[in-house]
Amino acid sequence: MTLQEVLARIQPVEQAIAGQTQARLDRLTKPLGSLGRLEETAVRYATITGEVKPAVPRGVVFTFAADHGVATEGVSAYPREVTPQMVLNFLRGGAGVNVLARHAGVDVRVVDIGVAYDFGSVSGLIHKKVMAGTNNLLVESAMSRDQAVQALQVGIELATEAAREGIGLIGTGEMGIGNTTPSAAITAVMTGRPVAEVTGRGTGIDEAGHARKVAVIEQALDRHRPNRADAIDALVKVGGLEIAGLAGLILGAAARRVPVVLDGFIAGAAALIAVGLQPLCRDYLIASHRSVERGHQAILEHLSLKPLLDLDLRLGEGTGACLGMSLVQASIKILTEMATFEEAGVSQRD
Ligand SMILES: Cc1cc2ncn([C@H]3O[C@H](COP(=O)(O)O)[C@@H](O)[C@H]3O)c2cc1C
Ligand SMILES: O=C(O)c1cccnc1
(Lines give C-alpha, C1' and ligand atoms only; values in the text may rest on other atoms or scores of the structure.)
(Ligands and ions follow the chains in the order given, each with its own letter.)
Protein backbone atom coordinates (compact mmCIF):
# COMPACT_ATOMS: atom_id res chain seq x y z
CA MET A 1 0.00 0.00 0.00
CA THR A 2 1.27 3.45 -0.81
CA LEU A 3 1.23 6.27 1.74
CA GLN A 4 -1.76 7.90 0.03
CA GLU A 5 -3.69 4.60 0.04
CA VAL A 6 -2.97 4.06 3.72
CA LEU A 7 -4.07 7.58 4.66
CA ALA A 8 -7.33 7.06 2.75
CA ARG A 9 -7.93 3.61 4.27
CA ILE A 10 -7.80 4.66 7.95
CA GLN A 11 -11.33 4.77 9.39
CA PRO A 12 -12.70 6.18 12.62
CA VAL A 13 -12.66 3.57 15.44
CA GLU A 14 -16.00 1.88 16.26
CA GLN A 15 -17.24 3.95 19.18
CA ALA A 16 -20.52 2.02 19.08
CA ILE A 17 -18.74 -1.05 20.47
CA ALA A 18 -17.60 0.83 23.58
CA GLY A 19 -21.03 0.56 25.23
CA GLN A 20 -21.32 -3.19 24.58
CA THR A 21 -17.82 -3.83 25.89
CA GLN A 22 -18.39 -1.76 29.03
CA ALA A 23 -21.70 -3.63 29.56
CA ARG A 24 -19.80 -6.95 29.56
CA LEU A 25 -17.17 -5.54 31.96
CA ASP A 26 -20.02 -4.42 34.22
CA ARG A 27 -21.40 -7.99 34.42
CA LEU A 28 -18.08 -9.39 35.67
CA THR A 29 -17.63 -10.38 39.33
CA LYS A 30 -16.24 -7.11 40.69
CA PRO A 31 -17.60 -3.82 41.95
CA LEU A 32 -18.59 -1.59 39.02
CA GLY A 33 -15.58 0.14 37.46
CA SER A 34 -13.14 -1.36 39.97
CA LEU A 35 -10.56 -2.40 37.37
CA GLY A 36 -10.16 1.24 36.38
CA ARG A 37 -7.71 1.86 33.55
CA LEU A 38 -7.66 -1.86 32.66
CA GLU A 39 -11.37 -1.57 31.84
CA GLU A 40 -10.75 1.59 29.83
CA THR A 41 -7.93 -0.18 27.95
CA ALA A 42 -10.11 -3.19 27.10
CA VAL A 43 -12.77 -0.81 25.78
CA ARG A 44 -10.16 1.05 23.68
CA TYR A 45 -8.89 -2.23 22.27
CA ALA A 46 -12.43 -3.31 21.33
CA THR A 47 -13.26 -0.01 19.61
CA ILE A 48 -10.03 -0.23 17.58
CA THR A 49 -10.41 -3.84 16.46
CA GLY A 50 -14.19 -3.84 16.25
CA GLU A 51 -14.35 -7.07 18.30
CA VAL A 52 -16.49 -7.32 21.45
CA LYS A 53 -14.81 -10.55 22.59
CA PRO A 54 -11.31 -10.36 21.15
CA ALA A 55 -8.70 -13.12 21.46
CA VAL A 56 -5.60 -12.18 23.48
CA PRO A 57 -3.45 -10.54 20.81
CA ARG A 58 0.04 -11.66 19.82
CA GLY A 59 2.36 -8.70 20.20
CA VAL A 60 5.44 -7.50 18.33
CA VAL A 61 7.60 -4.51 19.15
CA PHE A 62 9.43 -3.02 16.17
CA THR A 63 12.74 -1.39 17.07
CA PHE A 64 13.87 0.89 14.26
CA ALA A 65 17.53 1.91 14.31
CA ALA A 66 19.09 4.89 12.57
CA ASP A 67 21.88 7.43 12.92
CA HIS A 68 21.78 11.20 13.02
CA GLY A 69 24.12 13.68 11.36
CA VAL A 70 23.37 16.15 14.14
CA ALA A 71 25.13 13.82 16.63
CA THR A 72 28.41 15.52 15.58
CA GLU A 73 27.17 18.71 17.33
CA GLY A 74 27.65 17.20 20.81
CA VAL A 75 23.95 16.79 21.57
CA SER A 76 24.22 13.28 23.09
CA ALA A 77 26.19 11.97 26.07
CA TYR A 78 27.24 8.88 24.07
CA PRO A 79 29.20 8.31 20.86
CA ARG A 80 27.56 7.47 17.58
CA GLU A 81 29.10 3.94 17.41
CA VAL A 82 26.65 2.94 20.14
CA THR A 83 23.83 2.75 17.57
CA PRO A 84 25.23 -0.25 15.57
CA GLN A 85 26.68 -1.78 18.75
CA MET A 86 23.23 -1.76 20.35
CA VAL A 87 21.68 -3.22 17.19
CA LEU A 88 24.00 -6.23 17.60
CA ASN A 89 23.07 -6.36 21.29
CA PHE A 90 19.34 -6.47 20.32
CA LEU A 91 20.04 -9.34 17.91
CA ARG A 92 21.80 -11.28 20.69
CA GLY A 93 18.87 -10.65 23.04
CA GLY A 94 20.88 -8.72 25.64
CA ALA A 95 19.26 -5.26 25.65
CA GLY A 96 16.62 -3.85 27.97
CA VAL A 97 13.93 -4.24 25.32
CA ASN A 98 14.79 -7.94 24.84
CA VAL A 99 14.44 -8.63 28.56
CA LEU A 100 11.12 -6.80 28.91
CA ALA A 101 9.79 -8.33 25.67
CA ARG A 102 10.54 -11.81 27.02
CA HIS A 103 8.86 -10.80 30.28
CA ALA A 104 5.76 -9.63 28.40
CA GLY A 105 5.75 -12.54 25.94
CA VAL A 106 6.11 -10.32 22.86
CA ASP A 107 8.60 -10.55 19.99
CA VAL A 108 11.18 -7.91 19.05
CA ARG A 109 11.86 -7.17 15.38
CA VAL A 110 14.94 -5.04 14.76
CA VAL A 111 14.98 -2.87 11.64
CA ASP A 112 18.01 -1.08 10.18
CA ILE A 113 16.32 1.88 8.52
CA GLY A 114 19.34 4.16 8.50
CA VAL A 115 22.33 3.13 10.60
CA ALA A 116 25.68 4.52 9.42
CA TYR A 117 27.29 1.08 9.52
CA ASP A 118 27.38 -1.88 7.15
CA PHE A 119 25.90 -4.89 8.91
CA GLY A 120 26.58 -7.14 5.91
CA SER A 121 24.08 -9.97 5.86
CA VAL A 122 23.88 -10.41 9.64
CA SER A 123 20.89 -12.63 10.35
CA GLY A 124 17.90 -11.61 12.40
CA LEU A 125 18.11 -7.99 11.25
CA ILE A 126 15.45 -6.57 8.94
CA HIS A 127 17.51 -4.77 6.30
CA LYS A 128 15.66 -1.63 5.16
CA LYS A 129 18.37 1.03 5.09
CA VAL A 130 17.09 4.18 3.37
CA MET A 131 20.37 6.10 3.87
CA ALA A 132 23.42 5.70 6.11
CA GLY A 133 22.31 8.20 8.75
CA THR A 134 20.63 11.55 8.22
CA ASN A 135 22.44 14.74 7.22
CA ASN A 136 23.26 17.23 9.97
CA LEU A 137 19.97 19.13 10.36
CA LEU A 138 21.83 22.15 11.71
CA VAL A 139 23.31 22.81 8.27
CA GLU A 140 21.02 21.08 5.77
CA SER A 141 17.77 19.14 5.52
CA ALA A 142 18.02 15.84 7.41
CA MET A 143 16.80 13.91 4.36
CA SER A 144 15.11 14.40 1.00
CA ARG A 145 11.35 14.17 0.56
CA ASP A 146 11.81 10.92 -1.35
CA GLN A 147 13.79 9.44 1.51
CA ALA A 148 11.18 10.53 4.08
CA VAL A 149 8.40 8.89 2.05
CA GLN A 150 10.56 5.77 1.55
CA ALA A 151 11.10 5.50 5.32
CA LEU A 152 7.37 5.99 6.00
CA GLN A 153 6.73 3.26 3.45
CA VAL A 154 9.07 0.84 5.31
CA GLY A 155 6.97 1.24 8.45
CA ILE A 156 3.71 0.86 6.54
CA GLU A 157 4.93 -2.39 4.93
CA LEU A 158 6.13 -3.89 8.22
CA ALA A 159 2.82 -3.12 9.95
CA THR A 160 0.84 -4.48 7.00
CA GLU A 161 2.85 -7.74 6.99
CA ALA A 162 2.47 -8.10 10.75
CA ALA A 163 -1.30 -7.64 10.51
CA ARG A 164 -1.40 -10.31 7.77
CA GLU A 165 0.44 -12.70 10.10
CA GLY A 166 -2.27 -12.16 12.71
CA ILE A 167 -0.30 -9.86 15.04
CA GLY A 168 -2.96 -8.04 17.06
CA LEU A 169 -0.80 -5.58 18.96
CA ILE A 170 2.14 -3.50 17.74
CA GLY A 171 4.68 -1.73 19.94
CA THR A 172 7.06 1.05 18.90
CA GLY A 173 10.77 0.98 19.66
CA GLU A 174 13.85 2.85 18.46
CA MET A 175 17.61 3.16 18.75
CA GLY A 176 19.60 6.07 17.41
CA ILE A 177 22.23 8.11 19.21
CA GLY A 178 21.16 11.75 18.96
CA ASN A 179 17.50 11.01 18.26
CA THR A 180 16.05 13.06 21.11
CA THR A 181 17.27 16.12 19.16
CA PRO A 182 15.11 15.62 16.03
CA SER A 183 12.30 14.42 18.34
CA ALA A 184 12.41 17.70 20.28
CA ALA A 185 12.55 19.68 17.02
CA ILE A 186 9.48 17.84 15.72
CA THR A 187 7.69 18.35 19.03
CA ALA A 188 8.36 22.10 18.91
CA VAL A 189 7.11 22.30 15.32
CA MET A 190 3.99 20.14 15.70
CA THR A 191 2.85 21.39 19.15
CA GLY A 192 3.93 25.02 18.68
CA ARG A 193 5.72 25.02 22.05
CA PRO A 194 9.07 26.79 22.59
CA VAL A 195 12.16 24.61 21.98
CA ALA A 196 13.49 25.03 25.54
CA GLU A 197 10.20 23.71 26.90
CA VAL A 198 10.33 20.44 24.94
CA THR A 199 14.06 19.67 24.95
CA GLY A 200 15.40 17.32 27.59
CA ARG A 201 18.66 15.62 28.51
CA GLY A 202 18.28 12.42 26.48
CA THR A 203 21.02 9.99 27.49
CA GLY A 204 22.11 12.40 30.24
CA ILE A 205 23.92 15.43 28.85
CA ASP A 206 25.06 18.07 31.33
CA GLU A 207 23.85 21.67 31.66
CA ALA A 208 26.21 23.00 28.97
CA GLY A 209 25.28 20.16 26.62
CA HIS A 210 21.62 20.88 27.14
CA ALA A 211 22.09 24.58 26.34
CA ARG A 212 23.95 23.57 23.16
CA LYS A 213 21.17 21.15 22.20
CA VAL A 214 18.50 23.85 22.62
CA ALA A 215 20.59 26.30 20.56
CA VAL A 216 21.15 23.71 17.79
CA ILE A 217 17.41 23.03 17.53
CA GLU A 218 16.49 26.73 17.61
CA GLN A 219 18.99 27.50 14.85
CA ALA A 220 17.78 24.56 12.76
CA LEU A 221 14.15 25.68 13.04
CA ASP A 222 15.15 29.26 12.19
CA ARG A 223 17.03 28.06 9.14
CA HIS A 224 14.50 25.54 7.80
CA ARG A 225 11.14 26.89 9.03
CA PRO A 226 9.34 23.53 8.71
CA ASN A 227 5.70 23.76 7.74
CA ARG A 228 3.57 22.48 10.62
CA ALA A 229 0.68 21.79 8.23
CA ASP A 230 2.92 19.41 6.26
CA ALA A 231 4.26 16.72 8.62
CA ILE A 232 6.49 15.28 5.88
CA ASP A 233 8.21 18.68 5.63
CA ALA A 234 9.04 18.43 9.35
CA LEU A 235 10.55 14.95 8.79
CA VAL A 236 12.56 16.15 5.81
CA LYS A 237 14.00 19.20 7.53
CA VAL A 238 14.48 18.14 11.16
CA GLY A 239 13.43 14.47 11.37
CA GLY A 240 15.07 11.07 11.60
CA LEU A 241 14.72 7.86 9.63
CA GLU A 242 13.59 5.75 12.63
CA ILE A 243 11.04 8.46 13.48
CA ALA A 244 9.71 8.34 9.90
CA GLY A 245 9.65 4.52 10.01
CA LEU A 246 7.69 4.59 13.26
CA ALA A 247 5.21 7.13 11.87
CA GLY A 248 4.66 4.77 8.93
CA LEU A 249 4.27 1.82 11.31
CA ILE A 250 1.53 3.69 13.19
CA LEU A 251 -0.31 4.57 9.97
CA GLY A 252 0.01 1.03 8.59
CA ALA A 253 -1.28 -0.47 11.83
CA ALA A 254 -4.23 1.94 12.00
CA ALA A 255 -5.16 1.10 8.41
CA ARG A 256 -5.37 -2.57 9.50
CA ARG A 257 -7.17 -1.77 12.78
CA VAL A 258 -4.24 -2.95 14.89
CA PRO A 259 -3.72 -1.02 18.15
CA VAL A 260 -0.31 0.60 18.59
CA VAL A 261 1.34 0.83 22.01
CA LEU A 262 3.62 3.85 22.07
CA ASP A 263 6.92 3.89 23.95
CA GLY A 264 8.37 7.23 25.14
CA PHE A 265 9.51 10.55 23.70
CA ILE A 266 10.82 9.47 20.29
CA ALA A 267 7.73 7.32 19.70
CA GLY A 268 5.68 10.36 20.68
CA ALA A 269 7.41 12.50 18.05
CA ALA A 270 6.61 9.81 15.47
CA ALA A 271 2.99 9.83 16.64
CA LEU A 272 2.85 13.63 16.12
CA ILE A 273 3.93 13.06 12.51
CA ALA A 274 1.44 10.21 11.95
CA VAL A 275 -1.43 12.20 13.46
CA GLY A 276 -0.34 15.23 11.43
CA LEU A 277 -0.73 13.13 8.29
CA GLN A 278 -4.00 11.46 9.34
CA PRO A 279 -5.69 12.77 12.51
CA LEU A 280 -7.90 9.63 12.73
CA CYS A 281 -4.91 7.48 13.68
CA ARG A 282 -4.82 9.14 17.14
CA ASP A 283 -7.57 6.83 18.33
CA TYR A 284 -5.46 3.75 17.49
CA LEU A 285 -2.73 4.79 19.95
CA ILE A 286 -2.24 3.62 23.53
CA ALA A 287 0.48 5.44 25.52
CA SER A 288 2.44 2.92 27.61
CA HIS A 289 4.22 5.35 29.92
CA ARG A 290 5.21 8.90 30.72
CA SER A 291 8.91 9.36 29.96
CA VAL A 292 11.23 11.48 32.09
CA GLU A 293 12.28 13.26 28.89
CA ARG A 294 11.14 16.85 28.97
CA GLY A 295 8.70 17.37 26.13
CA HIS A 296 6.98 14.01 26.39
CA GLN A 297 4.26 15.55 28.53
CA ALA A 298 3.65 18.17 25.83
CA ILE A 299 3.20 15.37 23.27
CA LEU A 300 0.80 13.43 25.50
CA GLU A 301 -1.25 16.58 26.09
CA HIS A 302 -1.27 17.48 22.40
CA LEU A 303 -2.53 14.00 21.50
CA SER A 304 -4.85 13.78 24.55
CA LEU A 305 -3.24 10.49 25.58
CA LYS A 306 -3.10 9.33 29.19
CA PRO A 307 -0.13 7.03 29.83
CA LEU A 308 -0.70 3.70 31.59
CA LEU A 309 2.52 3.83 33.61
CA ASP A 310 4.80 6.43 35.17
CA LEU A 311 8.03 4.62 36.05
CA ASP A 312 10.65 7.35 35.48
CA LEU A 313 11.88 5.50 32.37
CA ARG A 314 14.11 7.29 29.86
CA LEU A 315 15.60 4.47 27.82
CA GLY A 316 13.53 4.03 24.68
CA GLU A 317 14.17 0.89 22.52
CA GLY A 318 10.52 -0.10 23.15
CA THR A 319 11.06 -0.94 26.84
CA GLY A 320 8.00 0.95 28.08
CA ALA A 321 5.97 -0.33 25.13
CA CYS A 322 6.63 -3.96 26.21
CA LEU A 323 5.28 -3.25 29.68
CA GLY A 324 2.28 -1.43 28.19
CA MET A 325 1.58 -4.33 25.81
CA SER A 326 1.50 -6.73 28.73
CA LEU A 327 -1.14 -4.50 30.39
CA VAL A 328 -3.19 -4.41 27.19
CA GLN A 329 -3.06 -8.23 27.10
CA ALA A 330 -4.06 -8.33 30.77
CA SER A 331 -7.04 -6.09 30.03
CA ILE A 332 -8.23 -8.45 27.25
CA LYS A 333 -7.90 -11.44 29.59
CA ILE A 334 -10.05 -9.63 32.13
CA LEU A 335 -12.67 -8.92 29.48
CA THR A 336 -12.77 -12.47 28.15
CA GLU A 337 -11.76 -14.82 31.00
CA MET A 338 -13.37 -13.38 34.12
CA ALA A 339 -16.67 -14.92 35.27
CA THR A 340 -19.89 -12.91 35.25
CA PHE A 341 -22.07 -12.59 38.37
CA GLU A 342 -24.55 -14.97 36.72
CA GLU A 343 -21.96 -17.63 35.82
CA ALA A 344 -20.36 -17.57 39.26
CA GLY A 345 -23.59 -17.29 41.26
CA VAL A 346 -22.38 -14.15 43.03
CA SER A 347 -25.01 -11.70 44.31
CA GLN A 348 -25.16 -8.33 42.57
CA ARG A 349 -25.48 -4.95 44.29
CA ASP A 350 -28.90 -3.91 45.58
C1 LIG B 1 23.83 2.23 25.64
C2 LIG B 1 22.55 2.93 25.18
C3 LIG B 1 21.39 2.20 24.93
C4 LIG B 1 20.24 2.85 24.52
N5 LIG B 1 19.02 2.39 24.23
C6 LIG B 1 18.24 3.38 23.91
N7 LIG B 1 18.89 4.55 24.00
C8 LIG B 1 18.25 5.84 23.79
O9 LIG B 1 19.18 6.91 23.80
C10 LIG B 1 19.27 7.58 22.54
C11 LIG B 1 18.67 8.95 22.59
O12 LIG B 1 19.32 9.82 23.44
P13 LIG B 1 20.29 10.97 22.89
O14 LIG B 1 19.47 11.85 22.02
O15 LIG B 1 20.77 11.67 24.12
O16 LIG B 1 21.41 10.29 22.15
C17 LIG B 1 18.51 6.70 21.58
O18 LIG B 1 19.36 5.77 20.99
C19 LIG B 1 17.49 6.06 22.48
O20 LIG B 1 16.90 4.93 21.93
C21 LIG B 1 20.17 4.24 24.38
C22 LIG B 1 21.32 5.00 24.62
C23 LIG B 1 22.51 4.36 25.02
C24 LIG B 1 23.74 5.16 25.29
O1 LIG C 1 11.52 8.62 26.27
C2 LIG C 1 12.31 8.01 25.54
O3 LIG C 1 11.91 7.19 24.68
C4 LIG C 1 13.79 8.29 25.65
C5 LIG C 1 14.28 9.23 26.51
C6 LIG C 1 15.64 9.45 26.58
C7 LIG C 1 16.50 8.73 25.79
N8 LIG C 1 16.02 7.82 24.95
C9 LIG C 1 14.68 7.59 24.88
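Begin by selecting ligand 1 and the residues around it in this predicted model: by class, the shell divides into seven nonpolar, nine polar and two charged residues. The shell holds 18 residues, and if you want to label just a few of them, take S76, T180, G202, T203 and G316, which are the closest to ligand 1. To see which elements contribute, colour α4 (82-92), β4 (167-175) and α7 (180-191), each of which supplies at least two residues of this shell.

Next, move to ligand 2 and display the 13 residues around it, among which G264, F265, S291, E293 and G316 come nearest. Here the classes are three nonpolar, seven polar and three charged residues. Keep G316 labelled as you go from one ligand to the other, since G316 is listed among the closest residues to ligand 1 and also among those nearest to ligand 2.

From the ligands, turn to a pair of packed helices by selecting α5 (residues 96-104) together with α14 (residues 319-337). How far apart are the axes of α5 and α14, and at what angle do the helices pack? The axes lie 8 Å apart, and the angle is about 5°; because angles under 35 degrees count as roughly parallel, α5 and α14 are roughly parallel to each other. Showing side chains at this contact brings up G96, V97, L100, A101, H103 and A104 on the α5 side, which meet T319, C322, L323, M325 and S326 of α14. The residues of this contact comprise seven nonpolar and four polar, with no charged residue.

For a second helix pair, select α10 (residues 231-238) and α12 (residues 265-277), whose axes are likewise 8 Å apart but which pack at an angle of about 145°. On α10 the residues to show are A231, A234 and L235, and on α12 they are I273, G276 and L277. Five of the residues in this contact are nonpolar and one is polar, while none is charged.

Finally, zoom out to the whole chain, whose secondary structure comprises 15 helices and six strands. Along its principal axes the C-alpha trace spans about 70 × 45 × 40 Å, and the radius of gyration is 20 Å, which agrees with the value near 20 Å for a compact globule of 350 residues. If you colour by confidence, bear in mind that the mean pLDDT of the chain is 98 and that 100% of its residues reach 70 or more, while the model as a whole scores ipTM 0.99 and pTM 0.99.

Notes. Residues are numbered from 1 along each chain as its sequence is written. Chains are lettered from A and ligands numbered from 1 in the order in which they are written. This is a predicted model: local features need pLDDT of at least 70, side-chain atom pairs count only at pLDDT 80 or more; totals for chains, interfaces and linings use all residues. A residue is near a molecule or strand if its C-beta atom, placed from the backbone, lies within 6 Å of it. Ala, Val, Leu, Ile, Met, Phe, Trp, Tyr, Cys and Pro count as nonpolar, Asp, Glu, Lys and Arg as charged, and the others, Gly among them, as polar. Axes are lines fitted to C-alpha atoms, for helices over the stretch in contact, and angles run from 0 to 180 degrees between N-to-C directions. Helices (H or I, at least four residues) and strands (E, at least two) are DSSP runs, numbered from the N terminus. Angles under 35 degrees count as roughly parallel, over 145 as roughly antiparallel, 65 to 115 as roughly perpendicular and the rest as oblique. Two residues are in contact if their C-beta atoms, placed from the backbone, lie within 7 Å. pLDDT is the predictor's confidence in each residue, from 0 to 100. The radius of gyration is taken over C-alpha atoms; the globule rule is 2.2 Å times the number of residues to the power 0.38.
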